[in-house]
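Here are my notes on this structure for a colleague who has not seen it before. Please read them beside the model.

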Amino acid sequence: MRGFVLRFIVTGVAVVVAAQVIPGLAIDTFAAGVVGVLVLAVLNAVVRPLLYLLSAPFIVVTLGLFMIVINAFLLQLVSVLVKGFHVAGFWPAVGGAVLISLVSWIMSLLVSDRGHVQVVMSPSRSRKIRHIN
């Protein structure tokens with residue numbers, strides 16, 4: 001449950017960032033944003049895997065770029081289902097999908113499923129320690 005809530009918050013932050021940066025993507029109220037993120041999370045969990053499976057040949061042929069089109073379609077579907085969540089067309093949906101994916105990916109790198117901030121460091125060169133008797 002904690003992982004779902006954390007992913008919901010990460011997706012929410014990503015959607016807010018996209019709404020601030022991408023022209024043509026807008027959220028009218030806080031409630032519309034929360035409902036929009038919740039609907040997007042459900043669509044991503046239920047519908048997106050099915051769409052990926054059905055469009056696997058297109059995904060392979062386009063080297064994965066068709067996944068952006070699927071994510072843009074889901075973002076536009078959220079704008080149809082949720083009042084106060086607006087996507088002005090295909091290109092703002094594509095830009096929003098790319099930005100939401102990037103921000104979610106970056107935030108997921110920084111935060112674990114348990115809610116702890118993670119710092120990834122490369123291991124230093126191991127030093128040999130000599131014991132002198």
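1. Helices α1 and α2 each supply at least two residues of a nonpolar patch on the surface; α1 gives the most, with six residues. Helices (H or I, at least four residues) and strands (E, at least two) are DSSP runs, numbered from the N terminus. This is a predicted model: local features need pLDDT of at least 70, side-chain atom pairs count only at pLDDT 80 or more, and totals for chains, interfaces and linings use all residues. Residues are numbered from 1 along each chain as its sequence is written, and side-chain values use heavy atoms, with hydrogens and water left out.

2. Members of the patch include Phe-4, Val-13, Leu-38 and Val-46, and the whole patch has about 720 Å² of accessible area (Shrake-Rupley method, 1.4 Å probe).

3. The largest nonpolar core (buried Ala, Val, Leu, Ile, Met, Phe, Trp, Tyr and Cys residues joined through side-chain atoms within 4.5 Å) has 24 residues. Buried means under 20% relative accessible area. At least two core residues come from each of α1, α2, α4, β2 and α5, and the largest share, six residues, is from α5.

4. Buried residues of α5 include Pro-92, Ala-97, Leu-99 and Ile-100. Their cover includes α1, β1, α4 and β2.

5. Val-87 is among the core residues with the most contacts inside the core. Leaving aside residues up to four places away in sequence, Val-87 touches Leu-25, Leu-75 and Pro-92, among others (contact: heavy atoms within 4.5 Å).

Terms used:
Buried < 20%, exposed > 50% of the residue type's maximum accessible area, 1.4 Å probe, protein only. Patch = residues over 30% accessible without salt bridge, like charges linked within 9 Å, V, L, I, M, F, W, Y side chains within 5 Å. Salt bridge = Lys/Arg side-chain N within 4 Å of Asp/Glu carboxyl O.
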